There are 2 protein chains.
Amino acid sequence: MAHDLTLRIDSARYWHTVMRSGEIGPGKAGGLRRLALTDADKEMRDLFVTWCTEAGCTVTIDRVGNIFARRPGVDDHVPPVVIGSHLDTQFAAGKYDGIVGVLAGLEILRTLDDGRVRTRRPLEVVCWTNEEGARFTPPMVASGAFANVFDVDWVLALRDDDGKGFGAELARIGYAGKEAVGGRPLDAYFELHIEQGPILEREHVPVGVVVGGYAVRGMHVDMRGETAHAGPTPMDRRRNALIGASMLAVAVNDVGWKYHATEGKATVPRIVAWPNKAGILAEYAQLTCDVRHADPAVADAMWADVQAAMPECARRANVDMAIAGEWKFGSERFDPGCLRLVREAADALGIRHRDILSQAGHDAYYISRVAPTALIFTPCRDGISHNEAEHADVDDTVPGVNVLLHAVLARANRP
Amino acid sequence: MAHDLTLRIDSARYWHTVMRSGEIGPGKAGGLRRLALTDADKEMRDLFVTWCTEAGCTVTIDRVGNIFARRPGVDDHVPPVVIGSHLDTQFAAGKYDGIVGVLAGLEILRTLDDGRVRTRRPLEVVCWTNEEGARFTPPMVASGAFANVFDVDWVLALRDDDGKGFGAELARIGYAGKEAVGGRPLDAYFELHIEQGPILEREHVPVGVVVGGYAVRGMHVDMRGETAHAGPTPMDRRRNALIGASMLAVAVNDVGWKYHATEGKATVPRIVAWPNKAGILAEYAQLTCDVRHADPAVADAMWADVQAAMPECARRANVDMAIAGEWKFGSERFDPGCLRLVREAADALGIRHRDILSQAGHDAYYISRVAPTALIFTPCRDGISHNEAEHADVDDTVPGVNVLLHAVLARANRP
């Protein structure tokens, strides 16, 4: 690496920004509840924009609310190297998921300013909108729009469970930007994220070089039955959609256990039913589920098991079942050149690292479809995430940010 | 029977009121969606009050919104004979459940006026509030308050799923009356209701003399797990409350099938979960369930089966389960004297009748705890109810109303 290898981020300054973010949108148990496009999200975005502006960046917002903070390059007309993640959270979340990645990008720009370091290529820090999908399903919808996976108008038309629109809420909080979504080349994209799993902590390795993801296959399943009186209707005339959904939920969970030995997972995070009231059988229910496995072929087999269970559940519950939507991600493999820069930076700094697979969804997946991409993991305590007890330690996180700094410098300065 | 046995209701006039009610609060498939204390409920109540006032009745409203329309007796200081049911409906309901009973009472008063028939005791027609429990759980809450089963302030503090209060909504629609709830003697209570089961139609018997109910045992069960990421969290570290709820739902349904041969039923009409969002395991879920059987001892055995399934489901899903509320009804037996009057009236009119058990909840259960009570069933097509396809035929219903007329006359005029 040709650049100054003594450069390090300011750990205290970095962690101060993480802790300051941790005050915005408090949860009920010490964590965060900062759903996309809420007042808390606006407050965090405003603070982030202020920080970026104070760091001398030019801030632009695109039509789906993605925020880009740009630091010019010596050669400012070539595609930028981009660092980013997300600032929105789940309903019950920690202070680190996504946040440590966006603020690592900010800290890197500040560090370069302090050292009066210029880069050949411009740098950008990005905050992607609604990564979690907690308020507007599906997740990673704005990075997906950037990567042409989703249509911008379709994204703006999404509604939350209260019927509020993505576009309307974006405008309400003042982040309906004018910039086109995507459609411009990125030299590379780097994301740093907590692992959300126990491996790095267990092995005392501070940096995970994410070579790819667990293959994820997900779907919404619609169940259609018939309303009837909860009292007189004989069991053999019932078509309770909620029973169909429950049977399929148990079947999905069983598939997870079947593949548990090879770390397969199957999840039912959500069931809705209608009318879902005392005294009446449900005529409609929808179940959301997914399966995940490191080996895409095994994920496909798990998926086939879930689909094979559907007719039997439908028959036993005497309801109709139909797939209402499917999605796939995690089979992407990240860019070997960018990953090599991460490993080289870690080696140069004397920081232990290992290759790892991601089990969660990340904006990096979609961006990897349009730009060379690398994803770096840092440890999180007990692998706990999407829980207010999520915890990342400053000393476990900073090594990853320094590795990110030097990988980005190497990429941005390459000939 | 000492009174004029040639008296008959005006079938066309009666059915006109049923059809007029059937226009208020339309559903999406030809039936009704007239939830308690909604604008539609107010419109129906206003019309009912107008009809009663035009029939010369004095209308009073009690603090939980029960409407009483009174026709004086010759001896007006003795307790009244009361006829009633409810005008609210389920989310997906027909035009007959409850409604044919209230309007039968109105038609009987009109018939007596036409014939210039006076009764020794006063008569009252009552519309009980929120019988269905579709908007404010539990069901039969206002007749229950009348019978001292529920505290009035507790009823007024109930909230719907949108957080709106029973008392506030009652005031909003103008039916927060000033009369005390209950606390006065009734000479007798008669209710006419569609069967909500297939027996009368199948046997071509127009009148069911309800001797009692199926024993109902119901509960809400709280499940407590832990939020976690739907991706990395290993199966053996998951505490997904939604999986616990689904397992218990399947177990409850299995209990229903176990007792199907003796017409036992077990129902899960409702599951709620939190956060219930993509990407995160649920930390909380609540399941509502009940079992029903003609034999209270068997209902108790079914109940024991459900409770026995709970620890196993809790263990398999790795969640905590606790009963959050229980209820029982249906073991009441109606008044032999009032039932005898119903059978005698049917015999006198040459109308076939049979004894029958009720499988659904009715206001008559709670009122039977404070007054001699009879419940009369009329046929409904295919036994379908709590469905917009619910249907009752005028020719199948009018015989029951005439039987009700003469049973009420006999009771009101007895020495």
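## A tour of the interface between chain A and chain B

Start with both chains in view and select the residues that touch across the boundary: 63 residues of chain A are in contact with 64 residues of chain B. Keep in mind that the model is predicted.

Next, turn on the surface. The two chains bury about 5700 Å² between them, and 57% of that area lies on carbon and sulfur atoms. Now pick out A:His229, A:Met235 and A:Lys277, which supply 13% of the area that chain A buries against chain B, more than any other three residues.

Move on to the charged pairs. The rule finds four salt bridges across the interface of chain A and chain B. To see a salt bridge, select B:Lys277 and A:Asp161, where the closest N and O atoms are 2.4 Å apart.

Then display polar contacts: 34 residue pairs, both members at pLDDT 80 or more, make them across this interface. For the secondary structure, colour α8 (241-258), β8 (265-274) and β9 (284-293) of chain A; these are the elements that give two or more residues to the side of chain A that touches chain B. Colouring that side by residue type gives 27 nonpolar, 21 polar and 15 charged residues.

Last, look at the symmetry. Chain A superposes on chain B by a rotation of 180° with 0.0 Å of shift along the axis, at an RMSD of 0.0 Å. This is the relation of a two-fold axis. To find the axis from chain A, centre on A:Ser246, whose C-alpha comes closest to it of the residues of chain A, at 2.2 Å. Both copies use the same surface, as 100% of the contact residues of chain A recur in chain B.

Conventions: Residues numbered from 1 in each chain as written. Chains lettered and ligands numbered in written order. Predicted model: local features only at pLDDT ≥ 70, side-chain atom pairs only at ≥ 80, totals over all residues. Heavy atoms only, no water. Contact = heavy atoms within 4.5 Å. Buried area = accessible area lost by both parts, 1.4 Å probe. Salt bridge = Lys/Arg side-chain N within 4 Å of Asp/Glu carboxyl O. Polar contact = N/O pair within 3.5 Å; in protein donor to acceptor, adjacent residues only side chain to side chain. Helix = DSSP H or I, 4+ residues; strand = E, 2+ residues; numbered from the N terminus. Nonpolar A, V, L, I, M, F, W, Y, C, P; charged D, E, K, R; others polar. Least-squares fit on C-alpha atoms with pLDDT ≥ 70 in both.
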